[in-house]
Amino acid sequence: MDRIDRDIIKLLSADGRMSYRDVAAKVFLSPNAVADRVRRLVESGAIKGFKARIDPAALGVTLQALVDIKLKPDVSALQFESAVRTIPDIVSASLVAGNYDYCLRVACVNQDGFVRVIEALRSTGGVQDTHSRFVLREIDLH
């Protein structure tokens, strides 16, 4: 991966819908050359996909939280990851080092939805302890 590939990734990170022609103008290549590079970056796994960034409030999601998870000693990471895949309001899960095992990003319509997530984690996820932090505002850096 060279400087031009990194520049292409940076441009597409900011706007995944940017046309190859617009990217090409910024990195001083032809649109076909940019298309070839993007294809190679996708095939190599450097670009994992293209997503739309959605405003949660537009979907009625008014409560977002980061939930730190400590697993029960007899629960494996694979067991926990399988369980969290079944809980729809969990947006992402990261295995972390430190006092907790995972950090989850949760997005719910309201507090009742959040309570359901925590109860599901404790009943089916093998969770020993949780620590929740509610997101007050998110700053879009891209």
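The legends below describe close-up views of a predicted model. Local features need pLDDT of at least 70 and side-chain atom pairs count only at pLDDT 80 or more, while totals for chains, interfaces and linings use all residues. Residues are numbered from 1 along each chain as its sequence is written, and side-chain values use heavy atoms, with hydrogens and water left out.

**View 1. The two sides of helix H2 (residues 20–27).** Helices are DSSP runs of H or I with at least four residues, numbered from the N terminus. The buried residues of H2 are Val23, Ala24 and Val27; buried means under 20% relative accessible area, exposed over 50%, and partly exposed in between, with a 1.4 Å probe and protein chains only. Down the helix axis these buried residues fall within an arc of 100°, so they line one face of H2. The arc is taken over the directions from the helix axis to the C-beta atoms. Arg21, Ala25 and Lys26 are exposed, on the face turned away from the buried side.

**View 2. Packing of H2 and the residue that follows.** The buried residues of H2 pack against helix H1 (3–14) and helix H3 (31–44); contact means heavy atoms within 4.5 Å. Just after H2, Phe28 has a positive phi of about 60°.

**View 3. Surroundings of Val23 in helix H2.** Val23 has a relative accessible area of 1% and is buried. Not counting residues up to four places away in sequence, Val23 touches Ile8, Leu11, Leu12, Met18 and Val34. Its C-alpha atom is separated by 9.4 Å from that of Ala35, and the two residues are 12 residues apart along the chain.

**View 4. Asp5 in helix H1.** With 11% relative accessibility, Asp5 counts as buried. When neighbours within four places in sequence are left aside, Asp5 is in contact with Arg37 and Leu41.

**View 5. Cysteines Cys103 and Cys108, without a disulfide.** A disulfide is a pair of cysteine sulfur atoms within 2.5 Å, and by this rule the count is zero. For Cys103, the closest cysteine sulfur is that of Cys108, at 14 Å, which is too far for a bond. Likewise, the closest cysteine sulfur to that of Cys108 is in Cys103. Cys103 counts as buried at 17% relative accessibility, and Cys108 counts as buried at 0%.
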